[in-house]
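Let's take a friendly walk through a protein model, one piece at a time. Keep the picture open beside you as you read.

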Amino acid sequence: MENEGRQLQMAGLEVLETGMLTTVQDAGRPGHASLGVGRSGAADAASYALANRLLANPPGAAALEVTFGGLRLRARGTVTVAVTGAPGPVSVDGRGAAMNTVLSVPDGAELRLGVPTRGLRGYLAVRGGVDVPPVLGSRSTDTLADLGPARVAPGALLPVGAPPAGFPVTDAAPVAELPGTETTLRVVLGPRHDWFTPDAVRTLLSGVYEVSGRSDRVGARLLGPPLDRHRKEELPSEGMVPGSLQIPTDGDPVLFLADHPVTGGYPVIAVVASEDLPRAAQARPGTRLRFRL
């Protein structure tokens, strides 16, 4: 164990390519909303947590969140990793490797994450965690507040922390298949559903909405039947939470995700159940969403 510690303390991940967007994420930085700082953290918290569990990492160890694949890394020192989230091709030095399992990447080997076959976000955890400096107690990159580590860029060398005391006890984890082109999310109405017409509420719960290309870690912009308000006055800014379905003046919902603003001035007609947020985070542009109570 002592030798493992010396080896992994010197280890790192050299970034060759990042794809569309790769960021460092952990469980987030809760408790700072009064300062105007959101929680941030992994958008698909369930996949992130699984990656750390596979490696016996502590629950808050930092990992990489990879949007739509395209990540290439070179191991500097032998590292042990796990890849979870959106399913897609994984390879070590050109040889195919499995997701949702424990992988050893030898010193100098190249690790690739290809474009996922479904879903949007993959998670690469390394035994010992990505050991970048924390900001306000978290290593998460908040893309809205521009807080935390910089977005991962080619040429970066990401240090790996010392390994945990425990060892992985599972070689692979069974994972339910991600939804394909359509998924249903459970919602709780409010806090401002009374600002909308009864027809708008019925439309939300019976219509089909499509995730647009104007979506990111802040939120997914949805296209579909507009939701009309019967109250037209301005709403004073109030607190927002992940999963809020905020309705701007054009009537098209915005589904807030991990990097959502702390406050907002448009009414929220409903909030997605927290258990369904990982699936919401995996909805790529073009995915159809339905909502039910």
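## Two strands side by side

Start with Ala 82, which stands opposite Ala 125 in strand 10. This is a predicted model, so treat the details as a computed picture. The strands around this pair are strand 5, covering residues 79–85, and strand 10, covering residues 121–126. Five bridges pair strand 5 with strand 10 in the antiparallel sense.

Now bring in a helix. Helix 2, made of residues 45–54, packs on the sheet. There helix 2 touches strand 2, strand 3 (63–67), strand 5 and strand 10. The direction of helix 2 makes about 150° with that of strand 5.

## The five-stranded sheet

In what order do the strands of the open sheet follow one another? The order is 2-3-10-5-8, five strands with antiparallel pairing. Strand 2 (21–25) and strand 8 (103–105) stand at the edges, and each has a single partner strand, so one side of each is left without a neighbour in the sheet. On average, neighbouring strands here are turned by 30° against each other, direction ignored. As a general reminder, strands of a sheet pair through backbone hydrogen bonds, in either a parallel or an antiparallel way.

## Strand 9 and its partners

Strand 9 gives you further pairs to trace. Strand 4 and strand 9 run antiparallel and are joined by four bridges. Within this pairing, Leu 71 stands opposite Leu 113 in strand 9. Strand 6 also pairs with strand 9 in the antiparallel sense, over three bridges. Here Val 90 is the residue standing opposite Leu 113.

After strand 4 comes a loop that leads to strand 5, and Thr 78 lies in that loop. Is Thr 78 buried or partly exposed? Its relative accessibility is 24%, so Thr 78 counts as partly exposed. Pro 179 is 101 residues apart from Thr 78 along the chain, and 35 Å separate their C-alpha atoms.

## Two nonpolar cores

The largest nonpolar core has 28 residues. Leu 64 and Val 79 are the residues with the most contacts inside this core. Several strands each supply at least two residues of the core, including strand 1 (12–18), strand 3, strand 4 (71–76) and strand 5. Strand 6 (90–92), strand 8, strand 9 (110–113) and strand 10 do so as well. There is also a second, separate core of 25 residues, and Val 187, Val 211, Ala 270 and Leu 277 are among them.

## A look at Leu 245

Leu 245 is found in strand 16, which covers residues 244–246. With 0% relative accessibility, Leu 245 counts as buried. Leaving aside residues up to four places away in sequence, Leu 245 touches a list of residues including Val 187, Leu 204, Leu 222, Pro 253, Ile 269, Ala 270 and Phe 291. The C-alpha atoms of Leu 245 and Gly 224 are separated by 13 Å, while the two residues are 21 residues apart along the chain.

## Stepping back to the domains

The domain assignment gives domain 1 as residues 12–159 and domain 2 as residues 182–291. Their centres, taken over C-alpha atoms, are separated by 27 Å. The contact takes 30 residues from domain 1 and 15 residues from domain 2.

A record adds another view: in an unreviewed entry, UniProt lists residues 34–293 for "domain: Carboxyltransferase". That span is 9% helix and 29% strand, and its end C-alpha atoms lie 31 Å apart.

Note on methods:
Residues are numbered from 1 along each chain as its sequence is written. This is a predicted model: local features need pLDDT of at least 70, side-chain atom pairs count only at pLDDT 80 or more; totals for chains, interfaces and linings use all residues. Side-chain values use heavy atoms; hydrogens and water are left out. Two strands pair if DSSP finds at least two bridges between them. Axes are lines fitted to C-alpha atoms, for helices over the stretch in contact, and angles run from 0 to 180 degrees between N-to-C directions. Contact means heavy atoms within 4.5 Å. UniProt positions are given in the numbering used here, feature names are shortened, and annotations may be inferred rather than shown by experiment. A nonpolar core is a set of buried Ala, Val, Leu, Ile, Met, Phe, Trp, Tyr and Cys residues joined through side-chain atoms within 4.5 Å. Buried means under 20% relative accessible area, exposed over 50%, partly exposed in between (1.4 Å probe, protein chains only). Domain bounds come from an automatic or database domain assignment.
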